[in-house]
Amino acid sequence: MNTKLRLSSWLPTTNKEVKLRGWNELDVILFSGDAYVDHPSFGPAVIGRILESYSLRVAIVPQPSVHDNLQDFIKLGTPKLFFAVTAGEMDSMVSNYTANKWKRDRDAYTPNGDKGFRPDYATSVYSKILKEKFPDVPIVIGGIEASLRRVTHYDYWSDKLQANILTESNADLLVYGMGEQPLREIVTLLKKGVPFHSLKTIKQTAYLKDKDENLQKNKNWTDVNIHSHEICLKDKKKFAANFKVIEQESNKVFGSRILQDVANKTLVINPPFPTMTEKEIDASFDLPFTRLPHPKYNKRGPIPAFEMIKFSINIHRGCFGGCSFCTISAHQGKFIASRSKESVLKEVDKVANMPDFKGYLSDIGGPSANMYKMKGKIQAICDKCVAPSCISPVICSNLDTSHKPLTELYQAVDKHPKIKKSFIGSGIRYDMLVPEFNKNANPKELDAYTEEVLTKHVSGRLKVAPEHTSDKVLKQMRKPSFSYFHQFKKRFDQINRKFNLKLQLIPYFISSHPASELEDMANLAAETKDMGFQLEQVQGFTPTPMTVATVIYYSGYHPYTLKKTYTPRSKQEREDQHRFFFWYKKDNQNWIRKSLSKVGRMDLLERLLPSKTDSKKSSDFKSVLPKNKRHRQLSLPSEFPRNPRNKNRKKTRKKRR
């Protein structure tokens with residue numbers, strides 16, 4: 001712990017800490033499914049610091065116990081304004097379960113990675129308890145779990161449609177997306193004496209009203225009705241049709257208010273705020289974070305998620321990729337909110353002067369590392385846009401995709417006297433570095449950025465995400481043709497040779513995504529084998545609320561065309577698709593021969609498992625490839641911890657060696 005910091009440097013978590021500040025009453029009490037890490041990359045801490053910046057007396061109750069007498073929920077008493085509730089940085093079900101619905105063996109947001117401190121459906125569980133204990137106190141829910149479940153949604157873990165999370169949780173108000181702007185308005189109105197129940201026209205919030213209750217008017221908004229929850233339960237096609245409206249309205253500059261009936265209530269989702277300005281996002285990162293976990297965890301062990309981002313810098317929010325399986329744009333929006341260079345360098349200096357900093361920044365990035373400062377050239381065109389992605393199926397001609405500001409930012413960071421090296425740990429959109437795809441950008445700028453990253457900001461491996469090799473599947477994913485990955489790899493290899501770097505390119509792929517059939521996975525295995533990749537620890541598609549892919553997975557219909565779309569749903573189908581990643585394992589080879597022979601794809605079989613007549617040339621995969629091309633994909637993204645059943649895999653490999 002930094003000796004310059006006192007216990008009161010953190011938001012209070014106990015009555016003792018509240019009294020240290022001389023407070024007799026709290027304005028807001030925030031409940032979180034995560035351990036309390038006072039860092040700008042942790043949403044609960046950001047919300048707490050924002051509320052504090054409005055001169056509110058705020059306390060946080062991290063990971064309250066729901067298995068005892070519920071003392072954690074009453075220990076700080078009754079707040080003057082409201083309770084705030086969040087499941088934490090992740091949807092609690094994604095945090096607790098794997099794609100195969102197995103319980104995860106660790107929780108990255110808990111000290112020592114211990115599991116069991118976050119209940120399933122944490123937002124609803126916490127909110128229901130608070131409503132029972134304090135029926136007259138308003139509850140505001142937010143965070144990614146509330147954001148993604150704000151409307152009728154498919155829940156993969158229960159395998160059924162669930163109503164909006166306001167109905168499930170009994171909360172009074174939902175803040176979706178990033179919370180700075182709606183919270184500012186909520187607090188401003190409450191301070192003016194406006195009753196909580198009158199907060200009906202705040203952007204980026206949702207609430208329930210009685211069906212016969214008048215809807216408050218706003219002359220600047222238009223309303224759009226979607227199919228009721230009850231209709232969705234009966235008709236999968238109408239459920240799918242809802243999603244197109246929800247996604248488009250959520251990503252417009254000037255969205256409509258969305259209305260959905262559920263039982264005897266009507267869900268009202270107000271339009272989003274405009275994208276945060278540079279000044280607004282800078283102000284959020286300039287809040288007085290300690291950047292450290294609360295001292296109460298000092299003896300419990302490190303918090304894995306914190307250790308990973310301890311010396312990292314987030315430079316922007318939002319993602320205009322709009323990938324079908326990704327929730328980023330549903331929560332952060334598709335328009336990029338970038339920090340100023342000055343704000344970033346100010347944080348770099350703060351990190352560089354931390355007592356245990358050794359000179360290495362683990363990441364300078366964001367949801368996608370290379371979208372910093374990118375926006376529409378003509379705002380009026382963006383104002384009318386309804387497309388959920390700015391780069392699929394092609395890059396919008398109005399999008400400024402210059403990488404020059406980002407290259408200059410990296411160089412400015414590296415000039416700091418205490419920075420030995422800065423890494424890019426966030427995912428890089430490799431397709432935006434391919435001139436044939438990114439026709440908006442200056443090819444020389446793209447080359448300069450690529451060389452800057454590979455020569456100065458990568459430690460051995462560059463991880464990118466082509467996700468699949470089939471153009472049919474990639475179209476459903478809203479990802480570009482795999483041919484662009486070939487072109488990027490060619491440039492990667494050229495730079496590798498030019499500077500004698502010996503770097504590895506590590507591609508990520510997904511199995512069992514909607515539209516992916518067995519032959520598509522076989523082709524993926526064959527094509528990546530031909531390129532010299534031997535894949536390990538890849539991921540299966542996990543249906544999460546508020547994504548196109550999840551809607552297809554549940555309903556069988558694409559929400560934009562309402563055409564039937566194949567998706568592997570059964571456990572056997574999903575396992576079979578995943579097996580093709582591991583074509584080189586003897587246990588899978590007989591199955592692969594039978595499967596491909598059955599569908600008459602002897603061409604793919606010959607590429608994957610050559611016949612004995614060709615064994616001298618290609619039966620031994622490792623003997624065919626140069627050493628520098630025997631790449632292995634050894635790591636998963638942090639949000640997909642390893643399968644507990646495979647936890648001894650590393651030890652086994654070491655023994656064999």
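This report describes helix packing, internal cavities and local backbone features in a predicted model.

## Helix α9 and helix α20

Two packed helices are described by the angle between their axes and the distance between the axes. For α9 and α20, the axes come within 9 Å and cross at roughly 175°. Because angles over 145 degrees count as roughly antiparallel, α9 is roughly antiparallel to α20.

On the α9 side, the residues that meet α20 are Lys236, Phe239, Ala240, Phe243 and Glu247. Their partners in α20 are Val548, Val551, Tyr554 and Ser555. Sorted by class, this contact has six nonpolar residues, one polar residue and two charged residues.

## The largest cavity

The structure holds seven cavities of 30 Å³ or more. The largest cavity has a volume of about 120 Å³, and 16 residues line it. Closest to its centre are Thr152, His153, Phe239, Phe243 and Val551. Among these, Phe239 and Phe243 of α9 and Val551 of α20 also belong to the contact of the two helices.

Three elements give two or more residues to the lining of the largest cavity: β6 (153–155), α9 (236–250) and α20 (548–555). Of the elements, α9 gives the most, with four residues. The lining of the largest cavity divides into 10 nonpolar and six polar residues, with no charged residue.

## The second largest cavity

The second largest cavity contains about 100 Å³ of space. Its lining is made up of 16 residues, of which Phe243, Glu247, Ser329, Ala330 and Met546 are the closest to its centre. Phe243 is also listed among the residues closest to the centre of the largest cavity, and both Phe243 and Glu247 take part in the contact of α9 with α20.

At least two residues of the lining of the second largest cavity come from each of α9 and α12 (328–332). Here too α9 gives the most, with four residues. By class, the lining of the second largest cavity has seven nonpolar, six polar and three charged residues, whereas the lining of the largest cavity has no charged residue.

## Helix α15 and helix α16

Helix α15 (residues 404–414) and helix α16 (residues 443–456) have axes that come within 9 Å and cross at roughly 30°. Since angles under 35 degrees count as roughly parallel, α15 is roughly parallel to α16. The crossing in which α15 passes α16 is left-handed.

From α15, the contact involves Lys404, Leu406, Thr407, Tyr410, Gln411 and Asp414. From α16, it involves Glu445, Tyr449, Glu452 and Val453. The classes represented in the contact of α15 with α16 are four nonpolar, two polar and four charged residues.

## Helix α2 and helix α7

The axes of helix α2 (residues 43–53) and helix α7 (residues 180–191) come within 10 Å. Their crossing angle is roughly 35°, and the crossing of α2 and α7 is right-handed.

In this pair, α2 contributes Val46, Ile47, Ile50 and Leu51, which meet Glu180, Leu183 and Val187 in α7. The contact of α2 with α7 has six nonpolar residues, one charged residue and no polar residue. The charged residue is Glu180 of α7.

## Local backbone features

Ser392 and Pro393 are joined by a cis peptide bond, with omega of about 5°. Pro393 is located in the loop between α14 (379–383) and α15. The helix that follows this loop, α15, is the one that passes α16 in a left-handed crossing.

A further backbone feature is found at Gln63, which has a positive phi of about 45° although it is not a glycine. Gln63 lies in the loop between β3 (58–62) and β4 (82–86).

Note on methods: Residues numbered from 1 in each chain as written. Predicted model: local features only at pLDDT ≥ 70, side-chain atom pairs only at ≥ 80, totals over all residues. Heavy atoms only, no water. Axes fitted to C-alpha atoms, helices over the stretch in contact; angles between N-to-C directions. Parallel < 35°, antiparallel > 145°, perpendicular 65-115°, else oblique. Left-handed = near helix turned anticlockwise from the far one by under 90°. Contact = heavy atoms within 4.5 Å. 1 Å grid on protein atoms, 1.4 Å probe; cavity = no way out; pocket = protein on both sides within 12 Å on 5 of 7 lines; lining within 4 Å. Points joined across faces, edges and corners; volume = space filled by probe spheres on them.
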